[in-house]
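Colleague: Please take a close look at one part of this protein for me. I would like the charged side-chain pairs, with how far each can be read.

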Amino acid sequence: RLDAPLNCRLTVIHAPAGYGKTSLLSQWIDQASGSAHIALVSLKRDDTDMRSLTRAILQAVGKAAGGSERGKGQTRVPTELAPGNAISLLISRLEREAGAFVVILDDYHLIERPEIDALVRQLISQAPVNCHFVISSRDNPWLGQSILAAEEQLLELSAEDLRFSLDEARL
């Protein structure tokens, strides 16, 4: 089911701590890296402002696109960054990429600012069609899922999906 990010705009994986969200993503990245560029952003508490998050996504996209952005026209992130400018910066960087591109934001529950949620919602809706997003979180963030679900552009995995059956646990 996790291969579906290449067929939909957003995948949300939400489950409590210990359900293996990050492990699942790591295994999937190893398996899927040949079919898409994959930019993994493992969020930290200090990625809670517009500038830090934008920089983290730009660096991950640059690395996934073929190495470090350093020395290859690296996009500078201004000290004061308005939401519209952050979106423009991220979208223009993603538009330069050919082929399928997956942006993963792991540990999204650490983001607790509404303006960051708004930035991510807007990025998901305005990014190029070759771009897919995977959000992993302990809670279920609101990122426009109802609209995406109506357009059949949403995959959601919850604790139920990640829980082992008795037979799986015996292995």
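Modeller: Here are the salt bridges, after a word on confidence. This is a predicted model, in which local features need pLDDT of at least 70, side-chain atom pairs count only at pLDDT 80 or more, and totals for chains, interfaces and linings use all residues. Residues are numbered from 1 along each chain as its sequence is written, and side-chain values use heavy atoms, with hydrogens and water left out.

The protein chain has an average pLDDT of 83 (the predictor's confidence in each residue, from 0 to 100). Of the residues, 87% score at least 70. Residues 68-73 fall below 50. That stretch still has eight contacts in the model beyond near neighbours in sequence (contact means heavy atoms within 4.5 Å). Where pLDDT is low, the predicted coordinates should not be read in detail.

Now the pairs. The whole structure holds three salt bridges (a side-chain nitrogen of Lys or Arg within 4 Å of a carboxyl oxygen of Asp or Glu). One joins Arg93 to Glu97, N to O at 2.4 Å. Both Arg93 and Glu97 are buried (buried is under 20% relative accessible area, exposed over 50%, partly exposed in between, with a 1.4 Å probe and protein chains only).

Another links Arg113 and Glu115, with 2.5 Å between the closest N and O atoms. Arg113 has 35% relative accessibility, so it counts as partly exposed. Glu115 is partly exposed because its relative accessible area is 31%.

Glu160 pairs with Arg163, the closest N and O atoms lying 2.3 Å apart. Glu160 counts as exposed because its relative accessibility is 56%. Arg163 is at 40%, so it counts as partly exposed.
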